[in-house]
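Open the structure in your viewer and keep the selection tool at hand. The tour goes stop by stop, with something to select at each one.

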There are 2 protein chains.
Amino acid sequence: MSADHSLGARSRRPTIGVFDSGFGGLTVLKALLELIPGADYAYFGDTARLPYGSKSVETVARYAVEAAHYLESHGAQMLVIACNTATALALDRITAAAHVPVVGVIEPGAEAAAAATKNQKIVVIGTEATVSSHAYRKALEARGLHAREKACPLLVPLVEEGWVEHSVTEQVARIYLGEAFADGFREADTLVLGCTHYPLLKPLLHRVTPGHVSIVDSAESTARAVASRLQQLVPATVDAEERRALPRLKFFATDSVEKFRRLGERFLGHPIEDVQHVDLKE
Amino acid sequence: MSADHSLGARSRRPTIGVFDSGFGGLTVLKALLELIPGADYAYFGDTARLPYGSKSVETVARYAVEAAHYLESHGAQMLVIACNTATALALDRITAAAHVPVVGVIEPGAEAAAAATKNQKIVVIGTEATVSSHAYRKALEARGLHAREKACPLLVPLVEEGWVEHSVTEQVARIYLGEAFADGFREADTLVLGCTHYPLLKPLLHRVTPGHVSIVDSAESTARAVASRLQQLVPATVDAEERRALPRLKFFATDSVEKFRRLGERFLGHPIEDVQHVDLKE
């Protein structure tokens with residue numbers, strides 16, 4: 001890996017590094033761009049080694065630390081682990097290995113759920129790996145909340161197939177949520193989207209959840225947590241002209257650049273241009 | 001890796017090594033057990049590094065060769081590459097690296113399709129990676145047949161969710177097959193299951209394909225190809241008593257042994273007992 005500080009060198013605008021095993025973290029980047037347009041961004045998608053879900057803690061931690069160092073070497077002054085599995089399994093290890101502040105997606109999600117709930121009953125949906133780690137349950141119970149975690153393994157492939165407003169996806173979501181909002185959690189009033197693919201399904205999920213349920217999108221709550229950390233980090237050093245400039249976006253992907261562009265645009269919601277292929281040993 | 005020839009040492013019963021990136025190859029093992037009960041089997045599921053679909057040719061070849069050598073070191077006298085992606089991307093490399101005969105799943109599938117079709121029009125369904133390689137189209141065109149390949153990325157996760165007789169899966173299959181059996185292939189008379197997960201969906205796929213369509217299950221055709229190669233290899237050296245013994249099955253998995261047992265039983269159709277964890281570098 002060669003160091004390249006060009007992103008951070010332009011100005012005192014901060015560069016935020018965003019890391020995910022693939023495309024899902026682009027929903028977090030989207031929320032960051034809306035909330036913090038005065039920063040530049042470097043996004044690392046480890047698309048050749050996804051999914052992290054079936055890998056050991058050791059392996060996920062090693063991959064995530066490699067990506068963190070890569071983003072630091074490209075000027076990132078803060079790191080956002082925009083991946084629930086990497087956050088659940090390796091946030092401590094990444095934080096210990098990084099030289100800049102690190103924000104994961106789980107604590108902000110739990111914090112937002114705590115603010116949203118009135119009856120302390122929360123349903124969290126996520127991938128098999130995230131649910132098995134019980135990272136959300138621990139974070140929610142630490143705030144005195146009751147949590148039910150429900151793995152929804154079909155939702156990621158449905159999003160990746162582009163079926164975000166499809167009757168099949170609606171049926172699948174009804175089945176999963178019907179099982180989650182049952183028994184002791186029938187009256188749960190908050191649904192946490194514990195996977196960075198799920199924000200694309202938010203309109204559909206609103207339709208299939210009971211009317212009284214608030215949906216917590218951890219992409220948005222993570223962006224708010226980053227904004228607050230950033231204010232401590234670079235308080236008003238950016239002048240007005242620099243603030244007005246459009247964010248510079250740089251993307252790194254370990255698998256096909258073409259595929260990253262094509263699939264990534266769905267998640268980010270606008271065209272992806274500057275993608276560079278990165279070859280990390282598997 | 002320590003050599004362990006215990007499987008092959010018991011008798012002159014041959015030991016067949018079966019390799020897949022995960023569980024799907026167990027449908028091939030199931031077909032082998034039905035057709036060749038006079039052999040012993042060693043199955044290697046590279047579950048920690050699945051799916052191979054998004055990986056480069058180089059990486060898939062390296063992984064597959066490692067698995068092939070592992071199975072040889074455990075006494076395999078023949079190797080079955082029970083994985084469409086590995087066959088499509090790396091059969092040549094595995095064959096060159098192995099010291100025993102190697103059988104893939106694609107040639108037997110193409111051969112069976114050629115025998116089944118009356119109008120030379122074939123539809124092949126498979127994963128994104130298998131379809132992108134066009135390995136089936138090349139094998140079918142080499143036999144003078146016309147092929148349409150259709151990627152069905154949701155079918156593997158649906159099978160892994162256990163929804164093999166579910167209305168959602170039936171709708172998804174109707175959508176995919178409707179797109180495949182269209183235009184110039186409306187009257188195609190043969191459907192090749194180009195993914196080792198799909199044999200579990202055979203009853204459902206029969207219901208949603210036009211009545212005149214034959215379904216070619218590459219697990220079955222691969223088992224027939226293995227039986228024929230085996231006869232050349234060990235012609236009648238096995239005595240009657242050895243033939244009557246039940247096959248010895250040994251399983252190796254690179255990820256959780258518990259998960260392999262649980263998911264694997266669905267594919268194999270009977271309990272999985274002797275699973276050993278294998279730690280290969282990622």
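Select A:Val123 first. In this predicted model, A:Val123 stands opposite A:Arg148 in β6(A). Now add A:Ile122 to the selection. The residue opposite A:Ile122 is A:Ala147, again in β6(A).

**The strand β5(A)**

Widen the selection to residues 121–126 of chain A, which form strand β5. This strand pairs with β6(A) in the parallel sense, over six bridges. Next, bring in strand β7 of chain A, residues 190–193. Four bridges join β7(A) to β5(A), and the two run parallel. To find a facing pair here, pick A:Val124, which stands opposite A:Val192 in β7(A).

How many of the six residues of β5(A) are buried? Five are, so the strand is largely enclosed by the rest of the structure.

**The sheet around it**

Show the whole sheet now. It is open, has four strands in the order β6-β5-β7-β8 (chain A), and its pairing is parallel. Which strands stand at the edges? They are β6 (146–151) and β8 (214–217) of chain A. Each has a single partner strand, so one side of each is left without a neighbour in the sheet. Look along the sheet for its twist, which averages 25° from one strand to the next.

Then select residues 167–180 of chain A, helix α9. This helix packs on the sheet and touches β5 and β6 of chain A. The direction of α9(A) makes about 150° with that of β6(A).

**Across to chain B**

Color the two chains separately. Where they meet, 16 residues of chain B are in contact with 17 residues of chain A. On the chain B side, select α8 (155–160) and α9 (167–180), the elements that give two or more residues to the contact with chain A. The largest share, three residues, comes from α9(B). By class, this side of chain B has eight nonpolar, four polar and four charged residues.

**Three strands in chain B**

Stay in chain B and select residues 249–253, strand β9. Four of its five residues are buried, so β9(B) is largely enclosed by the rest of the structure. Add strand β2, residues 40–45 of chain B, which runs parallel to β9(B) and is joined to it by five bridges. Then add strand β10, residues 275–277 of chain B. It also runs parallel to β9(B), with three bridges between them.

Zoom in on B:Ala253 of β9(B). B:Gly45 stands opposite it, and so does B:His277 in β10(B).

**A pair of helices**

Select α5 (residues 106–116) and α11 (residues 218–233) of chain B. Their axes are 8 Å apart, and the helices pack at an angle of about 105°. That makes α5(B) roughly perpendicular to α11(B). From α5(B), the contact is made by B:Pro108, B:Gly109, B:Glu111 and B:Ala112. From α11(B) come B:Ser218, B:Ser221, B:Thr222, B:Arg224 and B:Ala225. The residues of this contact divide into three nonpolar, four polar and two charged.

**Last stop: the nonpolar core**

The largest nonpolar core has 189 residues. Which of them touch the most other members? Select A:Phe19, A:Ala64, A:Ile81, B:Phe19, B:Ala64 and B:Ile81. End on B:Phe19 and show what surrounds it. Leaving aside neighbours within four places in sequence, its contacts include B:Phe44, B:Ala64, B:Leu71, B:Val80, B:Ile81 and B:Cys83.

Terms used: Residues are numbered from 1 along each chain as its sequence is written. Chains are lettered from A and ligands numbered from 1 in the order in which they are written. This is a predicted model: local features need pLDDT of at least 70, side-chain atom pairs count only at pLDDT 80 or more; totals for chains, interfaces and linings use all residues. Axes are lines fitted to C-alpha atoms, for helices over the stretch in contact, and angles run from 0 to 180 degrees between N-to-C directions. Angles under 35 degrees count as roughly parallel, over 145 as roughly antiparallel, 65 to 115 as roughly perpendicular and the rest as oblique. Two residues are in contact if their C-beta atoms, placed from the backbone, lie within 7 Å. Ala, Val, Leu, Ile, Met, Phe, Trp, Tyr, Cys and Pro count as nonpolar, Asp, Glu, Lys and Arg as charged, and the others, Gly among them, as polar. Two strands pair if DSSP finds at least two bridges between them. A nonpolar core is a set of buried Ala, Val, Leu, Ile, Met, Phe, Trp, Tyr and Cys residues joined through C-beta atoms within 7 Å. A residue is buried if 20 or more other C-beta atoms lie within 10 Å of its own, exposed if 12 or fewer, and partly exposed in between; C-beta atoms are placed from the backbone.
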